[in-house]
Amino acid sequence: MEYRYEVGGAVVSVRVERTGAGYDVTVDGQTYAVRVPWQRPGGLLLEVDGQPQQWAQVAAQGAQRWVALPGAEAAGPFELAVPVAARRRHGAAAGLGALTAQMPGVVRQVLVAAGEAVARGQALVVLEAMKMEIRVTAPSAGVVRRVAVSVGQAVERGQTLIDVEAA
C-alpha cells in the first residue's frame, strides 16, 4: 500500500508491504525492514533493520499526523499531512456512496446496520491492520444502504465496507 504525505512543504511517498516477519517500508526509494513487536494506543515499539528502537509516539487528527521519535526530541514531533489533492479525491468519493478499506486488514466490529441513520464522524466499522485499530467513520450524515462485510472477514485495500447515502 502506498501513502503520500506532505512534510515541510515536500510530498513524501511511503510504501508499506507486508512480509513474513513484518513489513518492508520504503520512504522515497530507501527500504527498511520494520517489525512491530508490540503496540499500544498512541505508540509503537519498532525494530528497524534488525535494530530495536524505542517507542514511536503517534497521534492523528483529521488529515494531520504527528510522529515523535526517540532521539529526535529537539526537532519536536514530525508533522505529516495528507496532500490536499488526495484529501479531495477521498472526500468526494467517501461522501457519495461506498466507504472502502484504506489498507488490508480484518473486520473487528460492524457498528451499524442497513437502514440506520448515521451522523457525520460516527464510527461505522472497526478494522485491525498492522496491529492498529482503524475506525471507519461516516464522512457526512446519511443512511446506511448496505453493509458489505462481517466481523472476522479479511478485507483488501479498496474493498467496499459500507454504502452510505448522504442525507
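The following legends describe close-up views of a predicted protein model.

**View 1. Overall composition of the predicted model.** The protein contains one helix and 16 strands. Of its 167 residues, 29% count as buried. The exposed surface of the protein amounts to about 9800 Å², of which carbon and sulfur atoms supply 54%. Among contacts with a separation of 6 or more, 38% are between residues 24 or more positions apart.

**View 2. The hairpin of strands E1 and E2.** Strand E1 (residues 2-7) and strand E2 run antiparallel and are joined by six bridges. Tyr-5 has Val-12 in E2 as its bridge partner. Two residues lie between E1 and E2 in this hairpin, and Gly-8 in the turn adopts a positive phi of about 60 degrees.

**View 3. The hairpin of strands E2 and E3.** Strand E2 is also joined to strand E3 (residues 23-27), by five bridges and in the antiparallel sense. Here Val-14 has Val-27 in E3 as its bridge partner. The hairpin formed by E2 and E3 has four residues between the strands.

**View 4. The surroundings of Ser-13.** Ser-13 belongs to strand E2 (residues 10-18). Is Ser-13 buried or exposed? The relative accessible area of Ser-13 is 16%, so this residue counts as buried, the cut-off being under 20%. Leaving aside neighbours within four places in sequence, Ser-13 is in contact with Glu-2, Tyr-3 and Arg-4, as well as with Thr-26, Val-27 and Asp-28. Ser-13 and Glu-2 are eleven residues apart in sequence, with a C-alpha to C-alpha distance of 7.0 Å.

**View 5. An open antiparallel sheet of four strands.** The strands of this open sheet follow the order E9-E16-E14-E11, and their pairing is antiparallel. Strand E9 (98-100) and strand E11 (117-118) occupy the edges; each has a single partner strand, so one side of each is left without a neighbour in the sheet. At the E11 edge, two bridges connect E11 with strand E14 (residues 142-147) in the antiparallel sense. Ala-117 stands opposite Val-143 in E14.

**View 6. The nonpolar cores.** The largest nonpolar core comprises 16 residues; those touching the most other members are Val-118, Leu-124, Val-125, Leu-127, Val-155, Leu-161 and Ile-162. Strand E12 (123-129) and strand E16 (160-166) each supply at least two residues of this core. A second, separate core has 13 residues, including Tyr-5, Tyr-23, Val-25 and Ala-56. In soluble globular proteins, nonpolar side chains tend to be buried together.

**View 7. The contacts of Leu-127.** Leu-127 is one of the residues touching the most other members of the largest nonpolar core. Apart from neighbours within four places in sequence, the contacts of Leu-127 include Ala-101, Val-106, Val-107 and Arg-108. Met-132, Glu-133, Ile-134 and Val-136 are also among the contacts of Leu-127, together with Val-155 and Leu-161.

**View 8. Confidence and the segment 85-96.** The average pLDDT of the protein is 79, and 83% of the residues score at least 70. Over residues 85-96, pLDDT stays under 50. How many contacts beyond four places in sequence does the model have for residues 85-96? The model has ten such contacts for this segment. Where pLDDT is low, the predicted coordinates should not be read in detail.

Terms used
Residues are numbered from 1 along each chain as its sequence is written. This is a predicted model: local features need pLDDT of at least 70, side-chain atom pairs count only at pLDDT 80 or more; totals for chains, interfaces and linings use all residues. Side-chain values use heavy atoms; hydrogens and water are left out. Buried means under 20% relative accessible area, exposed over 50%, partly exposed in between (1.4 Å probe, protein chains only). Contact means heavy atoms within 4.5 Å. Accessible areas come from the Shrake-Rupley method with a 1.4 Å probe; for residues, only the protein chains shown count as cover. Two strands pair if DSSP finds at least two bridges between them. A nonpolar core is a set of buried Ala, Val, Leu, Ile, Met, Phe, Trp, Tyr and Cys residues joined through side-chain atoms within 4.5 Å. pLDDT is the predictor's confidence in each residue, from 0 to 100.
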